[in-house]
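Work through these exercises with the structure open. Each task is followed by a stepwise solution.

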Amino acid sequence: MFRFIGRRLLVAIPTLFLVITAAFFMMRAAPGSPFDMDRKLSPEIERNIMAKYGMNKPLHEQYGDYLGGVVRGDFGPSLKYKDKTVLQILKENYKPSLVIGLSAITLASIVGVSLGVLAALRQNRGVDYGVMTIAIIGVCIPTFVTAPLLVLAIASKLGWLPTAGWNDGALANLVLPVTVLALPQIAIISRLTRAGMIEVLHSNYIRTARAKGLPESRIVSKHALRAAILPLVSYLGPACAGLITGSLVVERIFNLPGLGKFFVTSALQRDYTVVMGMVIFYAGLILFLNLIADLLYAALDPRVRLS
């Protein structure tokens with residue numbers, strides 16, 4: 001297993017290098033600069049600012065300096081947020097995205113797997129059709145529709161929950177954003193689980209287990225479910241990373257200080273260093289979660305060997 005992890009880490013290094021290189025030159029190729037949105041500066045002041053941030057150097061030298069800083073764990077200062085480094089911005093704003101993202105993927109996994117198993121066990125019956133109808137609706141309706149509707153119905157009309165705000169992660173403030181993020185994932189996970197369960201339930205070893213007289217509950221929980229969720233494990237890696245880094249729509253509607261909002265705002269403001277830091281964080285998170293997914297896949301399927 002350790003050799004497998006070592007090989008994956010060796011692959012992750014050039015992958016991160018390619019991500020950093022592509023993001024760096026794409027940001028520099030975009031029109032405008034971080035200081036275009038400020039009041040008009042005199043040429044002398046603008047030259048001094050560009051020199052302060054090393055942006056007066058040739059592009060290849062800027063790239064080399066940035067790459068050297070990343071190797072040392074320094075993502076540089078923000079170009080728009082005064083007296084803040086990129087690492088400080090990440091540390092100050094990762095918690096809302098982490099809490100909401102992990103809560104949403106946990107809720108989606110529990111509810112989605114349960115609905116998928118229930119639909120597979122009642123294939124082509126009313127329960128199956130009902131679950132799949134809900135899943136299709138969940139996939140088709142985007143979060144920028146469900147979020148305002150839930151705020152209007154539950155928060156504004158009924159007054160059961162606050163309409164927005166973080167409030168240090170209070171439970172009442174988490175319910176609506178977590179639900180909005182979880183709904184599309186519940187739909188996807190339930191469909192994946194249903195498809196996997198139906199395939200496994202018609203396999204030969206399940207027929208053999210039934211012929212031996214094993215209880216249906218044991219067949220489902222001990223044998224079928226373990227094999228059926230293998231495709232789901234592969235999906236959850238990038239899905240979890242996407243939810244943790246936050247959703248712009250959800251964070252905007254519920255006024256949450258998460259990473260997603262900072263990422264888009266920084267991109268619009270041409271805050272190169274913040275955008276680059278977010279990209280590196282997101283890429284590293286995907287690589288790490290995909291590694292965890294591979295390890296879980298091997299633990300669930302004894303045919304997979306990590307060597």
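## Exercise 1: A nonpolar patch on the surface

Valine 145 is partly exposed, at a relative accessible area of 31%. The model is a predicted one.

**Task.** Find the helix that holds valine 145, then name the residues that make the nonpolar surface patch of about 440 Å².

**Solution.**
1. Valine 145 lies in helix α6.
2. Patch residues need over 30% relative accessible area. Valine 145 has 31%, so valine 145 passes that cut-off.
3. The patch is made by Ile137, Ile141, Phe144, Val145 and Leu149.
4. Helix α6 provides the largest share of the patch, three residues.

## Exercise 2: Three salt bridges

**Task.** The structure holds three salt bridges. Sort their partners into buried and partly exposed, using under 20% relative accessible area as the limit for buried.

**Solution.**
1. Start with lysine 57 and aspartate 65. Their side chains meet in a salt bridge at 2.9 Å, N to O. Aspartate 65 has 44% relative accessibility, so it counts as partly exposed. Lysine 57, at 36%, is partly exposed.
2. Next, take lysine 84 and glutamate 92. Their closest N and O atoms are 2.9 Å apart. Lysine 84 is partly exposed at 28% relative accessibility. Glutamate 92 is partly exposed at 48%.
3. Now take arginine 194 and aspartate 128. This salt bridge spans 2.7 Å, N to O. Arginine 194 sits in helix α7 and aspartate 128 in helix α5 (residues 126-140). The two are 66 residues apart, and the pair links distant parts of the chain.
4. Arginine 194 has a relative accessible area of 18%, so it is buried. Aspartate 128 is buried, with a value of 0%.

## Exercise 3: The nonpolar cores

**Task.** Which helix gives the most residues to the largest nonpolar core, and which members of that core touch the most other members?

**Solution.**
1. The largest nonpolar core has 43 residues. Ile100, Leu176, Met197 and Phe254 touch the most other members.
2. Several helices supply at least two residues each, among them α4 (86-121), α7 (171-201) and α13 (272-300).
3. Helix α7 gives the most, with twelve residues.
4. Look around methionine 197. Leaving out residues up to four places away in sequence, methionine 197 touches Val117, Ala120, Val220, Ala224, Leu225 and Ala228.
5. A second, separate core has 22 residues, including Val70, Val86, Met278 and Val279.

## Exercise 4: Isoleucine 186

**Task.** Is isoleucine 186 buried or exposed, and which residues does isoleucine 186 contact beyond its neighbours within four places in sequence?

**Solution.**
1. Place the residue: isoleucine 186 is in helix α7.
2. Its relative accessibility is 13%, so isoleucine 186 counts as buried.
3. Beyond those sequence neighbours, isoleucine 186 is in contact with Ala108, Val111, Gly112 and Leu115.
4. Check one spacing. Isoleucine 186 and valine 250 are 64 residues apart in sequence. Their C-alpha atoms are 17 Å apart in space.

## Exercise 5: Cysteines

**Task.** How many disulfides are counted, and are cysteine 140 and cysteine 240 buried or exposed?

**Solution.**
1. A disulfide needs two cysteine sulfur atoms within 2.5 Å. The count is zero.
2. Cysteine 140 has 59% relative accessibility, so it counts as exposed.
3. Cysteine 240 has 10% relative accessibility, so it counts as buried.

How values were computed
Residues numbered from 1 in each chain as written. Predicted model: local features only at pLDDT ≥ 70, side-chain atom pairs only at ≥ 80, totals over all residues. Heavy atoms only, no water. Core = buried A, V, L, I, M, F, W, Y, C linked by side-chain atoms within 4.5 Å. Buried < 20%, exposed > 50% of the residue type's maximum accessible area, 1.4 Å probe, protein only. Helix = DSSP H or I, 4+ residues; strand = E, 2+ residues; numbered from the N terminus. Contact = heavy atoms within 4.5 Å. Salt bridge = Lys/Arg side-chain N within 4 Å of Asp/Glu carboxyl O. Patch = residues over 30% accessible without salt bridge, like charges linked within 9 Å, V, L, I, M, F, W, Y side chains within 5 Å. Areas by Shrake-Rupley, 256 points an atom, 1.4 Å probe, with all protein chains shown as cover.
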